[in-house]
Amino acid sequence: MAEAPGDPTAVKDDDLGKWTDAKGDPTYKIEPDGNLDWFAYSGFRRYHSECHVCHGPDAEGSSYAPALKNSLKTMSYAEFVGTVVAGRQNVTTSQTSVMPAFGDNKNVMCYLDDIYIYIRGRSTGAIPRGRPAGRVDKTDKATASEKECLGLDK
């Protein structure tokens with residue numbers, strides 16, 4: 001198992017407005033007024049579009065798949081990315097569980113950091129259940145990067 005996530009405190013933002021922690025892993029930033037950074041908010045939306053069907057609302061888990069808010073307490077960013085990209089299969093004597101690979105799904109891959117950031121905030125309790133009340137605005141560079149990833153910049 002890789003190193004678990006460390007302190008989620010946001011220490012640096014890139015030119016897109018995405019925050020990283022001291023290790024350089026994507027993280028959330030909650031403004032003094034309670035607004036989430038754009039990427040955490042986007043992660044909420046993308047998680048509920050692509051992940052909640054199996055992993056339950058707000059990363060709380062379901063009878064079908066584990067609570068990702070708990071998984072991220074011990075799973076590194078690299079492990080998270082590897083699992084989402086390549087999938088995972090767990091086989092025991094009583095059951096087989098399969099996480100499909102999403103490496104070819106642009107609706108996941110173009111927002112992978114966003115989803116991670118949102119679940120990371122849920123795992124620490126910093127982001128409560130439900131739709132976030134507010135968010136900071138999306139930067140023009142973040143919009144351009146998203147369009148490029150989705151192939152819409154042509």
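Visitor: Why does Asp58 count as buried?

Guide: Happy to start there, with the note that this is a predicted model. Buried means under 20% relative accessible area. Asp58 has a relative accessibility of 7%, so Asp58 counts as buried. Its place is the loop between helix H2 (52–55) and helix H3 (68–71).

Visitor: What makes the phi of Asp58 worth a look?

Guide: Asp58 has a positive phi of about 60°, and it is not a glycine. Most residues other than glycine have a negative phi. Ala59 also lies in the loop between H2 and H3, and its phi is positive too, near 65°.

Visitor: And Ala59: why is it called buried?

Guide: The cut-off is under 20%. Ala59 has a relative accessible area of 0%, so Ala59 is buried.

Visitor: What does Asp113 count as, buried or exposed?

Guide: Asp113 has 18% relative accessibility, and therefore counts as buried, since the limit is under 20%. You will find Asp113 in helix H6 (residues 112–124). Leaving aside neighbours within four places in sequence, Asp113 is in contact with Lys18, Pro26 and Tyr77.

Visitor: Why is Asp153 called partly exposed?

Guide: Exposed means over 50% and buried means under 20%, with partly exposed in between. Asp153 is at 44%, so Asp153 counts as partly exposed. Look for Asp153 in the segment after helix H7 (140–150). With neighbours within four places in sequence left out, Asp153 is in contact with Lys147 and Glu148.

Visitor: How do you know that E1 and strand E2 pair?

Guide: Pairing asks for at least two bridges between two strands. E1 is joined to strand E2 (residues 19–20) by 2 bridges, so the condition is met. These strands run antiparallel, and Lys12 stands opposite Thr20 in E2.

Visitor: What is the order of the strands in that open sheet?

Guide: The order is E1-E2-E3, 3 strands with antiparallel pairing. Strand E1 (12–13) and strand E3 (26–27) are the edge strands, as each pairs on one side only.

Visitor: How do you know that strand E4 and strand E5 pair?

Guide: The same test applies: at least two bridges. Strand E4 (residues 88–91) and strand E5 (residues 96–99) have 4 bridges, so they pair, in the antiparallel sense. Arg88 stands opposite Met99 in E5. E4 and E5 form a hairpin, with 4 residues between them.

Visitor: Where do these strands come in the chain as a whole?

Guide: From the N terminus on, the elements run β-β-β-α-α-α-α-β-β-α-α-α. That gives 7 helices and 5 strands.

Visitor: What makes the radius of gyration agree with a compact globule?

Guide: A compact globule with 154 residues would have a radius of gyration near 15 Å; the chain has 15 Å, so the two agree. The C-alpha atoms fill a box of roughly 50 × 40 × 30 Å along the principal axes.

Visitor: How much of the chain is buried, and how much area does it expose?

Guide: Buried residues make up 39% of the 154 residues. The chain exposes about 8500 Å², and carbon and sulfur atoms supply 51% of that area.

Visitor: What share of the contacts joins residues at least 24 apart?

Guide: The share is 55%, among contacts between residues at least 6 apart in sequence.

Visitor: How far apart are the mean positions of the positive and negative charges?

Guide: They are 4 Å apart, for 19 positive and 22 negative charges.

Definitions and conventions. Residues numbered from 1 in each chain as written. Predicted model: local features only at pLDDT ≥ 70, side-chain atom pairs only at ≥ 80, totals over all residues. Heavy atoms only, no water. Rg over C-alpha atoms; globule rule 2.2 N^0.38 Å. Buried < 20%, exposed > 50% of the residue type's maximum accessible area, 1.4 Å probe, protein only. Contact = heavy atoms within 4.5 Å. Areas by Shrake-Rupley, 256 points an atom, 1.4 Å probe, with all protein chains shown as cover. Lys, Arg positive; Asp, Glu negative; His and termini not counted. Charge placed at Lys NZ, Arg CZ, Asp CG, Glu CD.
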